[in-house]
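Student: I have the sequence and the structure open, and I'd like to learn how to read them. Could we go through the strands, then the hollow spaces inside?

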Amino acid sequence: MRRAAILSASGIVLLSPHAWAARSLDATNKRRLIVVFLRGAVDGLNVVVPHGEPAYYDARPTIAIGRTGADGGLVDLDGHFGLHPALAPLESQWRDGTLAFVHACGSPDPTRSHFDAQDFMESGTPGIKSTQDGWLNRTLAAIPGTHGPTEALSLGPTLPRILSGKAPVANIALGRAAERPMPMDRPVIEAAFDRLYAGNDSISRAYRDGREARMRLMSELAGGMAQANGGAPSPQGFSDDTDRLARLIGRDPTIRVAFMALGGWDTHVSEGAANGQLAGHLKPLGEGLASLAKQLGPSYQDTVILVISEFGRTMHENGNGGTDHGHGNVMWVMGGPVKGGKVYGKWPGVSPGSLYQERDLAITTDFREPIAAVLRSHLQFSDAQIDRVFPGRPRSSGNVDGLIKV
């Protein structure tokens, strides 16, 4: 009870012991943003591969992705860059122009600490540890109008830094746990809490908002699940969660923001090339994103999906067949409003003289710049609104001009 009261008083609606989400009441504006965070620093050089540069193959004798046509070869994108073969399910999005990448992108802060780098990327203020809220929560707060308890959905076990803040947030667990009943769902306990929080004080109102949000989301999940599964249990995995998210969006067009995080990207050992640890993680990720695009149906045209990670990995493979903490990385931008089929950014190259600190892909595009482009052209934010989301953001470099259709 104490934890629920504290969370409710801080503007966070508790929907399960370890889950949360947020949404706008304006159902006429269907534009939405989904953020997927790859925690652990994914190897962007093996996700979007600079196969046009011999230096890439020189630096990675055992983990480089083979050229097009080779066994386990990459999916060629534009003659210079190619896609990891495990991400082949996303080739259709690239070809239809709804998938783009921003390479040599990342945080200007030089830290190689997962904790600090993730914190800066979620707060949106690199190098400043005193920021209290996350940039996705500030995005919610900048959207005009009244905000309800289910305006944005977070799928995951804990409250993420990126959505901490004053705007109300709700949470749903991942996998099968999303539909498991809570102790609060027992009629006796529910009735007791209803009597306890029957007043008009802020905590009582927050409690009732949370109960309403949970009942609404659980009802939407149950109805959609019955139709989709035909009585069969759904499999575990990322596709299961993206399908669940798509069903919720289909039933509730007022959902504006969604967030989920995936771990397992810290590939210091046995990273592999076309097969191996990285490929084993990329395959369900690609399948899940492709399924999300399909299951969203017409809503895909109003949705932008960002895939981000705290930093990249070293250019050279290490002695354990893996890569260590790096700097520059690749951001994924996907959805109907995206002007895709292109790798954006100013490419610095991966020759020895062009590497950051002689070891990493250099950063030429601040991660806030493509997100600001999404906020401006997709969510139709003014410069003043974007400045509230990213205070102290850098001036535009022009590296992502045209990323979002106007």
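Student: Which residue in β5 is the bridge partner of D76?
Tutor: Before we start, note that this is a predicted model, in which local features need pLDDT of at least 70 and side-chain atom pairs count only at pLDDT 80 or more, while totals for chains, interfaces and linings use all residues. Residues are numbered from 1 along each chain as its sequence is written, and side-chain values use heavy atoms, with hydrogens and water left out. Now find β4 at 75-76, which is joined to β5 (residues 82-83) by 2 bridges, running antiparallel. Look across from D76, and its bridge partner in β5 is G82.

Student: In what order do the 3 strands of that open sheet lie?
Tutor: Strands are DSSP runs of E with at least two residues, helices are runs of H or I with at least four, and both are numbered from the N terminus. Two strands pair if DSSP finds at least two bridges between them. Here β3 (48-49) and β4 (75-76) are the edge strands, each pairing on one side only. The pairing in this open sheet is antiparallel, and the order is β3-β5-β4.

Student: How many residues of β6 are buried?
Tutor: "Buried" means under 20% relative accessible area, with exposed over 50% and partly exposed in between (1.4 Å probe, protein chains only). β6 covers residues 99-106, and the rest of the structure largely encloses this strand because its buried residues number 8 of the 8.

Student: β6 and which strand are joined by 6 bridges?
Tutor: Let's go through the partners of β6. It pairs in the parallel sense with β13 (residues 343-344) over 2 bridges, and it pairs in the parallel sense with β14 (residues 365-366) over 2 bridges. The strand with 6 bridges to β6 runs antiparallel to it, and that strand is β12.

Student: Which residue in β12 stands opposite C105?
Tutor: You can use some of the other facing residues of β6 as landmarks. V102 stands opposite Y344 in β13, and G106 stands opposite D366 in β14. Over in β12, the residue opposite C105 is N329.

Student: Which residues of β2 point the other way from R32, I34, V36 and L38?
Tutor: In a regular strand the side chains alternate between the two faces of the sheet. β2 spans residues 32-38, and the rest of the structure largely encloses it because 7 of the 7 residues are buried. One way go R32, I34, V36 and L38, and the other way go L33, V35 and F37.

Student: Over how many bridges do β2 and β11 pair?
Tutor: β2 is also joined to β10, in parallel, by 6 bridges, and there L33 has V257 as its bridge partner. Towards β11, V36 stands opposite V307. β2 and β11 pair in the parallel sense too, and their bridges number 7.

Student: How many residues of helix α11 are buried?
Tutor: α11 takes in residues 368-377. Its buried residues are R368, E369, P370, I371, A372, A373, V374 and L375. The helix is largely enclosed by the rest of the structure, since its buried residues number 8 of the 10.

Student: What is the volume of the second largest cavity?
Tutor: On a 1 Å grid over the protein atoms alone, a cavity is a set of points where a 1.4 Å probe fits but cannot get out, and its lining residues have an atom within 4 Å of a point. Grid points are joined across faces, edges and corners, and the volume is the space filled by probe spheres set on the points. There are 2 cavities of 30 Å³ or more, and the largest has about 60 Å³ of space. The second largest cavity has a volume of about 50 Å³.

Student: Which strands each supply at least two residues of the lining of the largest cavity?
Tutor: Some of our landmarks return here: the lining of the largest cavity includes C105, G106, V307 and N329, along with M121, I308, S309, V330, M331 and F367. G106 also helps line the second largest cavity, together with S107, D109, T111, A117, E310, F311, H327 and I363. For the largest cavity, the strands that each give at least two lining residues are β6, β11 (303-309) and β12.

Technical notes. 1 Å grid on protein atoms, 1.4 Å probe; cavity = no way out; pocket = protein on both sides within 12 Å on 5 of 7 lines; lining within 4 Å.
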